[in-house]
Amino acid sequence: MHNQYQSISISQLPDRVAAMKLAHIEQGPASLELRIDRLQRAEQLLKENHQDLANAICADYGNRSRYQSLAADIGMSIKSLQYARENVAQWMQSQENSEPMPGMQARLEFQPLGLVGIIVPWNFPLNLAFSPLAGVFAAGNRAMFKPSELTPRTSALLAKLVSQYFDPLELTTVLGEADMGAAFSAQKFDHLIFTGSTAVGRHVMRAAAENLVPVTLELGGKSPVLVAPDANLRTAVERTLTVKTFNAGQICMSPDYVLLPEGAQDEFVGHAREFMQQAFPTLLGNADYTSLVCDAHFQRQIALLEDAESKGATVISLAPQGEAAYDAATRKMATVLVLNATDDMRVMQEEVFGPVLPLKSYQHESEAVAYINGHPRPLAAYYFGDNLANQRKMAEMTTSGGLVINDIMTHASIENLPFGGVGPSGMGAYHGIHGFLRFSHAKAVVEQSLAGESSLTLRAPYGEKLEQLEQFLAN
């Protein structure tokens, strides 16, 4: 299938949405074979074009680590598609219930929703398109992508490739700026997925509500790292910075701040310097270290640091010796620790979404748990410590989209766990069967018995039935 990509304008968008929904209805539910075929084609698209896709992402960023693009954007997407393909036959099976009454049958059938819109962010421009698409296709739906305008080369290549591997009424891509994003949110989809900031998520949900379109929102917030007094601090630092340096911290589940036992900051800084020297002995010219995506995002990180310094924080750059802390030409910025961060600083009020990492001290672990609970519920929370009772307390006493103990972000790569937020960090979850269920309608199907006993109780006259009912209620 080699179609030519044809751009869709804002004015043409409602007609394309209507045409895709009509095609879904007229052609009926996608068979198992068709679902597997769509998942395979999506996988082929990524495998056969992985070099060009990685190059496009790198060009959009200025520099995007090739390993990070191949591992997180392409490899993880293929893993999601393969997992769905291997399990979709089982997921599709209707679930039989026990007989409610003699001769009556009841079951649960999983029905495709129809057309799902997917608003894709710039930080993982392929993963956050194809990972939800695995569940969307497995559930038998069609889909429409709206990729980010901040990664224009990747978005344009994605649109071109999608048109080559898919019929435009199966999967299609619309390109455009913020006005297209707003128009996309207002379409009459059967479901809408948005990944991005909490602020934009509010606008998306408001627009979708006009048409009563259900939404899955993957937002973010300030994901905390709580380091317990009994934790191995070197391990906590290494695993925290492994993810904080991945994509230069431009990840919705990236560690946003660290809660440390009082007096541990200096040791944390020492371990952090050692880690950075080993992982990134040079940084500005290092192809393994990713740039910030655009000038506005780069300047925002600097503004966060300046604000923190002006309010009394100590700012420590982990740049290699002899290198600048950041470089505007390449938009590269080394990880920066903000010591003694306080709540009046922007860095503790806003999601960082970059290489800046505030450190905050606590006296008692219960105080740290209370601090997490005193703020909006995050997409992820991380706990380092070996005491089983305290691990359990962290799990029970805090609410977050996911919790990882003694590591960072591992949960997102486990296909049979749900990935999603809670409250301000999002609603709804996907990955594996959770995506299949999210993008399906679970329909109750009942077949009445020949005698029709259950409906006879509703039929007048009620005399004897009323007496029986009153006796039942009296006992």
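Let's start with the open sheet, in which 6 strands line up in the order β5-β4-β3-β6-β7-β18 with mixed pairing. The edges belong to β5 (171-173) and β18 (426-427), each of which pairs on one side only. Keep in mind as you look around that this is a predicted model.

At the β5 edge, the neighbouring strand is β4 (residues 142-146), and the two run parallel, joined by 3 bridges. If you would like one pair to find on screen, take M144, whose bridge partner in β5 is T172.

Now follow the sheet order to β7 (residues 215-218), the strand that holds E218. This residue comes with an annotation: an unreviewed UniProt entry lists E218 and C252 under "active site". The two are spread over 35 residues of sequence, yet they cluster in space, with a largest C-alpha distance of 8.6 Å. Of this set, C252 is part of the lining of the second largest pocket.

What surrounds E218? Beyond its neighbours within four places in sequence, E218 is in contact with F194, T195, G196, L379, F419, G420, G421, S425, G428, A429 and Y430. Its relative accessibility is 0%, so E218 counts as buried.

C252 sits in a different kind of element, the loop between α9 (233-244) and β9 (257-261). Is C252 buried or exposed? Its relative accessibility is 8%, and because buried means under 20%, C252 counts as buried. Setting aside residues up to four places away in sequence, C252 touches N123, L219, G220, S223, E351, F353, L379 and F419. Look for L379 and F419 in particular: both appear among the contacts of E218 and among those of C252.

Conventions
Residues numbered from 1 in each chain as written. Predicted model: local features only at pLDDT ≥ 70, side-chain atom pairs only at ≥ 80, totals over all residues. Heavy atoms only, no water. Pairing = 2+ DSSP bridges. Helix = DSSP H or I, 4+ residues; strand = E, 2+ residues; numbered from the N terminus. UniProt positions renumbered as here; feature names shortened; annotations may be inferred. 1 Å grid on protein atoms, 1.4 Å probe; cavity = no way out; pocket = protein on both sides within 12 Å on 5 of 7 lines; lining within 4 Å. Buried < 20%, exposed > 50% of the residue type's maximum accessible area, 1.4 Å probe, protein only. Contact = heavy atoms within 4.5 Å.
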